[in-house]
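This report walks through one protein model for a reader who has not seen it before. Please keep the sequence and the structure in view while reading.

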Amino acid sequence: MLMIVVLVAPMWIGIANAQSSDSPKHSIDFSLRDLNGHVMKLSQYRGHPVVIDFWATWCPPCRHQIPELKKLYSQYHKTKGLIVIGVACDTIQGEGARSVRPFVKEFEISYPILLAETNVVDSFGVEAIPTAIFLGPDGKIVGRLMGAGAPGELTEGVHTLLAHPSGKSGPEKKASPIEEKKENLYDIDYRN
């Protein structure tokens, strides 16, 4: 599996369009190991809004969005029950788990970090990193953000998730020019 890094404006697939034909229409679950080797199940967070961030230590856009994720977790974890889970893809492409722990310490990441497995990444349809998946309290996908853009993009997605946790947000948001012209995205793999 080759992961690419998205360097242009992120693509927000809104609440109404979050589930592609490949995405599960039911509550999803997975089990992954954390940095201490303990198994964590996604279903243990059922009842909470969840952001799953697929990222890697070698990915500059991933590094760009970590401060925003940290801030969102700090701001909404205790007050709104928001869960942020980082899934480090270094175990699929990169230097493996040994590079993740020092990175987490350096960036002072306080939310849970799990080590990716190919089957989990594939089950979420992650084609590029960073990719943030927004899950409602029922465990269903209600939004997806591929790529790291300007500060505030993740915040907007989290605000939408917290305001409409079931994914029902009323009128559908009009697609941006980026969404309409996906074929023009410029993707680069920094690992080659």
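The text below goes from the whole chain to its core, then to a pair of helices, and then to single residues.

**The chain as a whole**

The model is predicted. Its protein chain has five helices and 11 strands. Of the 192 residues in the chain, 47% are buried. Among contacts in the chain with a separation of 6 or more, 78% join residues that are 24 or more positions apart.

**The nonpolar core**

In soluble globular proteins, nonpolar side chains tend to be buried together. Here the largest nonpolar core has 53 residues, and Ile-52, Phe-54 and Phe-124 have the most contacts inside it. Helix H1 gives this core its largest share, six residues.

What does Ile-52 touch, leaving aside residues up to four places away in sequence? The residues touched by Ile-52 are Phe-30, Leu-42, Ile-85, Val-87, Phe-124, Thr-131, Ala-132, Ile-133 and Leu-135. Phe-124, one of these neighbours, is also among the three core residues with the most contacts.

**Helices H1 and H4**

Helix H1 covers residues 60-80 and helix H4 covers residues 153-163. The two pack at an angle of about 25°, and their axes are 9 Å apart. Angles under 35 degrees count as roughly parallel, and H1 and H4 are therefore roughly parallel to each other. Their crossing is right-handed. On the H1 side the contact is made by Gln-65, Glu-68, Leu-69, Leu-72, Tyr-76 and Lys-80. On the H4 side it is made by Glu-153, Leu-154, Thr-155, Val-158, His-159 and Leu-162. By type, the residues of this contact are six nonpolar, three polar and three charged.

Two residues of H1 can be set side by side. Leu-72 lies in helix H1, as does Lys-71. Is each of them buried or exposed? Leu-72 has a relative accessible area of 3%, under the 20% cut-off, and is therefore buried. Lys-71 has a relative accessible area of 57%, over the 50% cut-off, so Lys-71 is exposed.

Leu-72 touches His-77, Leu-82, Leu-154, Thr-155 and Val-158, not counting residues up to four places away in sequence. Leu-154, Thr-155 and Val-158 also belong to the H4 side of the helix contact.

**Pairs apart in sequence**

The table lists three residue pairs with their separation along the chain and their C-alpha to C-alpha distance.

| Pair | Separation in sequence | C-alpha distance |
|---|---|---|
| Gly-37 and Leu-114 | 77 residues | 9.2 Å |
| Lys-71 and Thr-155 | 84 residues | 9.1 Å |
| Leu-72 and Val-51 | 21 residues | 10.0 Å |

Gly-37, from the table, lies in the loop between strand E3 (31-33) and strand E4 (39-41). Gly-37 is partly exposed, with a relative accessible area of 34%.

**Two backbone exceptions**

Most residues other than glycine have a negative phi, and most peptide bonds are trans. Two places in this model depart from that pattern. The peptide bond from Ile-129 to Pro-130 is cis, with omega near -5°. Pro-130 is in the loop between strand E8 (128-129) and strand E9 (131-135).

Glu-108 is not a glycine, yet has a positive phi of about 50°. Glu-108 is in the loop between helix H2 (100-106) and strand E7 (113-115). With a relative accessibility of 60%, Glu-108 counts as exposed.

Note on methods: Residues numbered from 1 in each chain as written. Predicted model: local features only at pLDDT ≥ 70, side-chain atom pairs only at ≥ 80, totals over all residues. Heavy atoms only, no water. Axes fitted to C-alpha atoms, helices over the stretch in contact; angles between N-to-C directions. Helix = DSSP H or I, 4+ residues; strand = E, 2+ residues; numbered from the N terminus. Parallel < 35°, antiparallel > 145°, perpendicular 65-115°, else oblique. Left-handed = near helix turned anticlockwise from the far one by under 90°. Contact = heavy atoms within 4.5 Å. Nonpolar A, V, L, I, M, F, W, Y, C, P; charged D, E, K, R; others polar. Core = buried A, V, L, I, M, F, W, Y, C linked by side-chain atoms within 4.5 Å. Buried < 20%, exposed > 50% of the residue type's maximum accessible area, 1.4 Å probe, protein only.
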